[in-house]
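Here's a quick tour of a single protein chain. Have the viewer open and follow along.

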Amino acid sequence: MTDLATSPVGGSQAESRQAEGAIAARLGRMDGLLARPWAVRSAEALVSIVAAFVFTLLCTRINVNPLNRVGQVSGLAMVQKYAAVVGLPVLAVLLYAAYRGSLARYQVLQRLVCAAVAGLATGVVAGGIAVALNGTDWGLGGQEGDPGNLMGMANDMLRGQGLPGVYPPGFPAVLAVWSKLFYGGVGGVGYAMKDVQLICSALVGPMAYLSWRLLLRPVWALLIAVPAAILFLDPIRPYSHVTMLVMVPMLAGALRELRRAHELSTRSTVLRGVGFGASFGVMFLWYSGWFVWAAPGVFVLTLFLVPWRRGAARVRRALLFLAATLVSAGVVGSPLLYELVKGGAQATDRYAYLSVYIDPAYIMSWASDRNGDLTYHNFPWHGELAGQSAYTLLLLAGVALALGLGLRSITVRTTAATLISAWLLRFYFASHLAKDKAVMLYPRTTWIILYALMILAVLGLMFVVQRGAGWLRTVQRVGTDGGPVPLTLRPAVTGRLVAGAVCAVALFATMAASWSADRYMPTTKPEFVPTADAKGIDMGADAWRAHILVNRDGKCPKYDPAGPTDCAPVNKQLKEYNNEPDKGRLWCANVTGEEWALTCGSKRPW
């Protein structure tokens, strides 16, 4: 199996070069272009991105009424039908190549099919959101909540009022540019929001997969990227979690370069440092929060990885790489860094919701402020073993394997450092919650901790497979030297197993993506929507809000629940959010008036 990485996890440099050479030798003149590594890598990225976009575009043609459950079911089924029509031929080609094709061509096909599955995974989610928004020009959330705040930031940028304070400006800037290009600027950001939500949602799978391909072979990258992308994708704010998904493998990739900086020329060291640094800077502008949770652990790990005792020359080369990385990251991220330094003391998060009220040690699931009928009395659902479920135990078993078999791997070390860092900061901020009356976004560590556990579990499985394959090869060599072969592991068998695994991941992706999209279908109980702290509001409220706003042509949405002439107007004067003075007390959402004192520990402020 070939790889994007110079020295991929799960294979030595010699093995990687041998595999690349085998492909080049066996493809022949007809496939001369694919024999070039850059062409295969480019094709892999292109296939993943195109698969995501084309499938999302295809789903925009589904015409059902998403305001009733029958229409929603029909729409979700249509998405699945399209996924089968597109995906089954692709998987069939992979299986045929695994059984009948040459090894070289199968390896190229495997890379392209894995890339396509990663793109289709979040393409199905985005396609489901397109069904939920059928008939309206607005995105999830309408003009309310976080989408409304983002629109206000974009409008402020369009009015020339600068960056949105300490909030990462990347997504609002893209929203402002998109509105300026296609919707007339101020007043059109609401319509631009729908496009950008769908595009960014579709891109999450390809971005996660291609990031992990810097370190892992196709099937292992797919095993991490697809479940994580679907689980963490939030189509209302799709920009946030893609940064987390990409950041961890990028950090591991940068630390890998740090360890081998002494093998590179000065020019190559600087260029690689600048490349990683610029990438981190862009991610920081896109969404900065994940860097906060990972920074302490990665900083300590970096200190250990610098070869302090290996000679001055090696230390200088490592420090040169670090300097190039940090300087370029600082330059690219300087707009937000400036705002954080200028206004960081006032950036206090006091918004509490269901995930703030639950057991802080629970990190296997997450509930937003769209909690439906859930309360901290019935969420989370506890498992049988001291509250832990079988899913938790399986993840922990994978973590044990990763730490026991692969602690020398830079990917394992980086992931573990990120997990420990987020874990400690989570409890630091949660332990100060009652005293400081500040949440400081600590529930968001749930995502990055769970992501780290998932990564380690897959890596643990990978190390077991590698050890097993190595043992079988040893047995085969012994059998060949001393008599008949007791066990054999042919490359063809390995390829078939990998092809089967890709098919299984693809099936999981379609089911999981449908689950993800179904959560955002317009609520069938609009009477629960109006107040932000009322019990009963669910994740479908955001799509429902999109269907009650006037479309760009001045007409009401096709399926407006209030009727064809009673939709809400566009608020063209959206202001920057969070501009009220800090009152020094928690704001407890998802809590009714009579429960405020019991939950929040204070008198209701009105």
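## Ground rules and a first residue

Helices here are DSSP runs of H or I with at least four residues, numbered from the N terminus. One of these is helix α15, residues 390-406, and that's where you'll find L403. Keep in mind that what you're looking at is a predicted model.

Is L403 buried, partly exposed or exposed? Its relative accessibility comes out at 37%, so L403 counts as partly exposed, given that partly exposed sits between the 20% and 50% cut-offs. Going along the chain, A416 is 13 residues away from L403, and the two C-alpha atoms are 8.7 Å apart in space.

## The chain as a whole

Zooming out, the protein chain is built with 21 helices and two strands. It has 606 residues, and 52% of them count as buried. About 27,400 Å² of the chain is exposed, with carbon and sulfur atoms supplying 64% of that area.

How do the contacts spread along the sequence? Take those between residues at least 6 apart: 74% of them join residues at least 24 apart.

## A buried alanine in α5

For a contrast with L403, try A154, which belongs to helix α5 (residues 145-158). Its relative accessibility is 0%, so A154 counts as buried. Ignoring residues up to four places away in sequence, A154 touches P172, L175, A176 and V189. W178 lies 24 residues along the chain from A154, with 9.9 Å between their C-alpha atoms.

## α7 against α9

Two packed helices are described by the angle between their axes and the distance between the axes. For α7 (residues 189-212) and α9 (residues 238-259), the axes come within 9 Å and cross at roughly 5°. That angle is under 35 degrees, which means α7 runs roughly parallel to α9.

Which residues do the meeting? On the α7 side they are Q197, C200, S201, V204, M207, A208, S211 and W212, and they meet P238, V242, L245, V246, V248 and P249 of α9. By type, this α7–α9 contact has 11 nonpolar residues, three polar and no charged.

## The nonpolar core

In soluble globular proteins, nonpolar side chains tend to be buried together. In this model the largest nonpolar core holds 161 residues, and Y451 and V502 are the ones that touch the most other members. Helix α18 (residues 445-482) contributes the largest share of this core, with 15 residues.

What does V502 contact, once neighbours within four places in sequence are set aside? The list is L91, L94, V113, C114, V117, V219 and L222.

Note on methods
Residues are numbered from 1 along each chain as its sequence is written. This is a predicted model: local features need pLDDT of at least 70, side-chain atom pairs count only at pLDDT 80 or more; totals for chains, interfaces and linings use all residues. Side-chain values use heavy atoms; hydrogens and water are left out. Axes are lines fitted to C-alpha atoms, for helices over the stretch in contact, and angles run from 0 to 180 degrees between N-to-C directions. Angles under 35 degrees count as roughly parallel, over 145 as roughly antiparallel, 65 to 115 as roughly perpendicular and the rest as oblique. Contact means heavy atoms within 4.5 Å. Ala, Val, Leu, Ile, Met, Phe, Trp, Tyr, Cys and Pro count as nonpolar, Asp, Glu, Lys and Arg as charged, and the others, Gly among them, as polar. A nonpolar core is a set of buried Ala, Val, Leu, Ile, Met, Phe, Trp, Tyr and Cys residues joined through side-chain atoms within 4.5 Å. Buried means under 20% relative accessible area, exposed over 50%, partly exposed in between (1.4 Å probe, protein chains only). Accessible areas come from the Shrake-Rupley method with a 1.4 Å probe; for residues, only the protein chains shown count as cover.
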